Amino acid sequence: MKPLEIVKGIYWVGAVDWNLRDFHGYATPQGSTYNAYLILDEKVTLIDTVKKEFADQLLSNVSQIIDPKKIDYVISNHTEMDHSGSLPRVMHKIGEDKPLYCSKVGQKNLSLHFQEKWNYQPVENGGVLNLGKKTLTFLETRMLHWPDSMFSYMKEEHLLFSSDAFGQHYAGPERFDDQVGEAIIPHARKYFANILLLYAPLVLQLVEKVSQVGLEIKTICPDHGIIWRQDPTKIINAYVEWSRQKPKKKAVVIYDTMWQSTQKLAEAIVDGLCQLGVEAKPMHLRASHRSDVITEILDAGAVIVGSPTLNNGLFPTVMDFLTYLKGLKPSKKIAAAFGSYGWSGEAVKLINQELEEMKFDLIDPGLRVQFVPDPQKIEAAIQLGQKIGQALQNL
Ligand code: FEO
């Protein structure tokens, strides 16, 4: 993808990764982009790089605008290697002594990644770098996404280089929100649910802080996906809504099954929920990727998890899912467990333990069925669905 001028003198020079299908455990069926930005001013400045496999593309994009050796400053807003992986190639090309601006934690983390003695220039929160006619103000945004993360804000253009925040794993010919329209929101939502959900309280604090200082933002340039230039408030407001995790009258029934007994229970629970008019979504863990399940859970009021007992434990996909879910720390959920078993039947107890650790509100001891559910057990599953549906109606 060729470089593109975003506003006068500021270019997108990143790379589109059309073939990415997995981003550390997150399914990316539509690929991603690694956005890097070049600012032409008295000091030519590169903001972030790309995954190392795309270093040639980055350097080629820069070369179409200016000789890369004329880059004076490099800014690293975030150490993760989808943005820093090409730093060794870039620094080698432009000169290893060129100043590399990053947060203090960024300096430490970049050193641990690359073992290079680059000319690090650690910046403070609120620090300002003069580029000539324009300036960059650095804002520490620890844990959005890593402890090293920061934003760079150009007040002259009201432009925020937001690193991972406000991004989407989406590869397409478009570079801007107005070119994609509403179709980009599900990608941004999935990205939030899988990358930033556990930091939701920090997102709310950050938005509060930004509104208190009256930071005017006309354009948001994230490090993944499209640039928000038509309506940056749309994604900011969406982040506030997603971070608040206000539960909807919606239940996600997540399960795996060996001989369809747990599946029959799942479907009966869904029937019970639907009878009360609750939006219910069954998700079989070998038909739905964990990253799509967590996206559905984002606004759900209830999480219901089912597993057969296998070798005295949980079915592996269910344990995988619970581990992933626990790490992302969703909140404000009611929950219940169910599952079939042959003789020992530990699955429901084990799921309950996990759900309690997540501080979900367990509203039932759980439904256990030996071997194959008979009509009474199917009725019990319908009633469990109704009980959860009733609790959702009372939210
Ligand atoms: Fe896109 Fe945290 O890296």
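Which residues line the largest cavity? The exercises below work towards this and other points.

This is a predicted model, in which local features need pLDDT of at least 70, side-chain atom pairs count only at pLDDT 80 or more, and totals for chains, interfaces and linings use all residues. Residues are numbered from 1 along each chain as its sequence is written, and side-chain values use heavy atoms, with hydrogens and water left out.

**Exercise 1. List the residues that line the largest cavity, and name the helix that gives the most to the lining.**

Step 1. Fix the term. A cavity is a set of points, on a 1 Å grid over the protein atoms alone, where a 1.4 Å probe fits but cannot get out. Lining residues have an atom within 4 Å of a point. Grid points are joined across faces, edges and corners, and a volume is the space filled by probe spheres set on the points.

Step 2. Search the whole structure. Two cavities of 30 Å³ or more turn up. The volume of the largest is about 40 Å³.

Step 3. Read the lining. It consists of L144, A165, F166, L196, V203, L206, V207 and Y239. Helix α7 (residues 200-212) gives the most, with three residues.

**Exercise 2. Describe the protein as a whole.**

Step 1. Take the secondary structure. There are 13 helices and 24 strands. These are DSSP runs numbered from the N terminus: helices are H or I with at least four residues, strands E with at least two.

Step 2. Take the extent. The C-alpha trace spans about 75 × 40 × 35 Å along its principal axes.

Step 3. Take the burial. Of the 395 residues, 59% are buried. Buried means under 20% relative accessible area (1.4 Å probe, protein chains only).

Step 4. Take the contacts, meaning heavy atoms within 4.5 Å. Among those between residues at least 6 apart in sequence, 72% join residues at least 24 apart.

**Exercise 3. Place strand β22 (residues 334-341) among its partners, and say why it counts as largely enclosed.**

Step 1. Check burial. Eight of the eight residues of β22 are buried, so the rest of the structure largely encloses the strand. I334, A336, F338 and S340 point one way; A335, A337, G339 and Y341 point the other way.

Step 2. Find the partners. Two strands pair if DSSP finds at least two bridges between them. Strand β19 (residues 300-306) runs parallel to β22 and is joined to it by five bridges. Here G306 stands opposite F338. Strand β24 (residues 367-370) pairs with β22 in the parallel sense over four bridges. Here Q370 stands opposite Y341. Strand β23 (residues 361-362) is also parallel to β22, with two bridges. Its L362 is the bridge partner of A335.

**Exercise 4. Explain why helix α10 (residues 290-297) is largely enclosed, and name elements that cover it.**

Step 1. Six of its eight residues are buried, so α10 is largely enclosed by the rest of the structure. The buried ones are S291, V293, I294, T295, E296 and I297.

Step 2. Elements covering these buried residues include β17 (248-255), β18 (279-284), β19 and α11 (316-328).

**Exercise 5. Describe the setting of T135.**

Step 1. T135 lies in strand β13 (residues 135-140). Its relative accessible area is 11%, so T135 is buried.

Step 2. The T135 side chain makes a polar contact with the side chain of E156 (2.8 Å). A polar contact is a pair of N or O atoms within 3.5 Å; within protein, one must be able to donate a hydrogen and the other to accept it, and residues adjacent in sequence count only if both atoms are side-chain atoms.

Note on methods. Buried means under 20% relative accessible area, exposed over 50%, partly exposed in between (1.4 Å probe, protein chains only). On a 1 Å grid over the protein atoms alone, a cavity is a set of points where a 1.4 Å probe fits but cannot get out, and a pocket is an open set with protein on both sides within 12 Å along at least five of seven lines; lining residues have an atom within 4 Å of a point.
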